[in-house]
Amino acid sequence: MYILKHGIKRYPEKRWALPDRIFFGYGACAILAGTFLKHPPVEGFYGERIIPDEGFSGNHIYVTDGLIAFDYHGYCARERLLEHHERGWAARNAGWPCTIAKVDFDLLDTTELNRRKMLGPDQYLYDPIPRARRFLQRRNHAEAAAGALRIATRLAADYRPVSDPT
């Protein structure tokens, strides 16, 4: 999670000049997720959205298959992504509440994104979709997803509810 200097998002040139991870981590996460889903490098993924309660910041969109997730960090266990995000925002806003929802709209449609208080692809200084494609192309998706799956599977195996007698 990155915290930008106050006001950077108001200046298209400054926003565009951010490094890719910060650009896609702080404002353009929907564009990255939408580009991923348009031409999925790994099958079986769908979009999910972290929606903070009214009056709180911290919206985030990522893609997941339910066990692993991908966002500007790369691949990881979905639960780790959610814990990381919640920990970061709760440190700034005690009791930070949110809802996790499956994305049911086109992540590259400006009208749909604006309806949810996010910028569409045509509202950035330049087209962010080619930038997202380049960001995605720099990864070995099969290898990274397999590594995240090994970790997520190990985490799930280590988790045993208190009522489990074994």
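**Notebook: strand E3 and its surroundings**

I started from Ile68 and looked up its bridge partner in E4, which is Ala77. The model is predicted, so I took local features only at pLDDT of at least 70 and side-chain atom pairs only at pLDDT 80 or more, while totals for chains, interfaces and linings use all residues. I number residues from 1 along each chain as its sequence is written, and the side-chain values use heavy atoms, with hydrogens and water left out.

**Entry: E3 and its partners**

I find strand E3 at residues 68–71, paired with E4 in the antiparallel sense over 4 bridges. Two strands count as paired if DSSP finds at least two bridges between them. Helices (H or I, at least four residues) and strands (E, at least two) are DSSP runs, numbered from the N terminus. I also note that Phe70 stands opposite Tyr75 in E4. The hairpin that joins E3 to E4 runs through 2 residues.

On the E2 side, I count 2 bridges between E2 and E3, again in the antiparallel sense. Val63 has Phe70 of E3 as its bridge partner. Phe70 therefore appears in both pairings: it is opposite Tyr75 in E4 and is the bridge partner of Val63. E2 and E3 form a hairpin with 3 residues between them. In that turn, I read a positive phi of about 100 degrees for Gly66.

I then checked which way the E3 side chains point. Ile68 and Phe70 go one way and Ala69 and Asp71 the other, and all are buried. Buried means under 20% relative accessible area, exposed means over 50%, and partly exposed lies in between (1.4 Å probe, protein chains only).

**Entry: the sheet and helix H4**

I traced an open sheet of 5 strands in the order E4-E3-E2-E1-E5, with antiparallel pairing. Strand E4 (74–77) and strand E5 (98–102) are the edge strands, each pairing on one side only. The twist from one strand to the next averages 30 degrees. Helix H4 (residues 78–92) packs on this sheet and touches strand E1 (46–52), strand E2 (60–64), E3, E4 and E5. Its direction makes about 95 degrees with that of E4. For such angles, axes are lines fitted to C-alpha atoms, for helices over the stretch in contact, and angles run from 0 to 180 degrees between N-to-C directions. Contact means heavy atoms within 4.5 Å.

**Entry: Arg78**

I placed Arg78 in helix H4. Arg78 counts as buried because its relative accessibility is 14%. Leaving aside neighbours within four places in sequence, I list its contacts as Glu48, Tyr62, Thr64, Gly66, Leu67, Ile68, Ala69 and Ile100. The list includes Gly66, the turn residue with the positive phi.

**Entry: His60 and the cysteines**

I placed His60 in strand E2, and it is buried at 3% relative accessibility. Not counting residues up to four places away in sequence, His60 touches Cys29, Glu48, Arg49, Ile50, Asp71, Tyr72 and His85.

Cys29 on that list led me to search the whole structure for disulfides, and I found 0. Cys29 is in none, and the nearest cysteine sulfur, that of Cys98, is 14 Å away. A disulfide here is a pair of cysteine sulfur atoms within 2.5 Å. I also noted that Cys29 is buried, with a relative accessible area of 6%. Why does Cys76 have no bond to Cys29? The sulfur of Cys29 is the closest cysteine sulfur to that of Cys76, but at 14 Å it is too far for a bond.

**Entry: Pro19**

I found Pro19 in the loop between helix H1 (12–16) and helix H2 (20–25). Pro19 is partly exposed, at 49% relative accessible area. Its C-alpha atom is separated by 13 Å from that of Arg134, which lies 115 residues apart along the chain.

**Entry: the whole chain**

I counted 7 helices and 5 strands in the protein chain. Along the sequence they follow the pattern α-α-α-β-β-β-β-α-β-α-α-α. I compared the radius of gyration, 16 Å, with the value near 15 Å for a compact globule of 166 residues, and the two agree. That radius is taken over C-alpha atoms, and the globule rule is 2.2 Å times the number of residues to the power 0.38. Along the principal axes, the C-alpha atoms fill a box of roughly 55 × 40 × 25 Å.

I recorded 43% of the 166 residues as buried. Of the contacts with a separation of 6 or more, 61% are between residues 24 or more positions apart. I noted an accessible surface of about 9,700 Å², 51% of it belonging to carbon and sulfur atoms. Accessible areas come from the Shrake-Rupley method with a 1.4 Å probe; for residues, only the protein chains shown count as cover.
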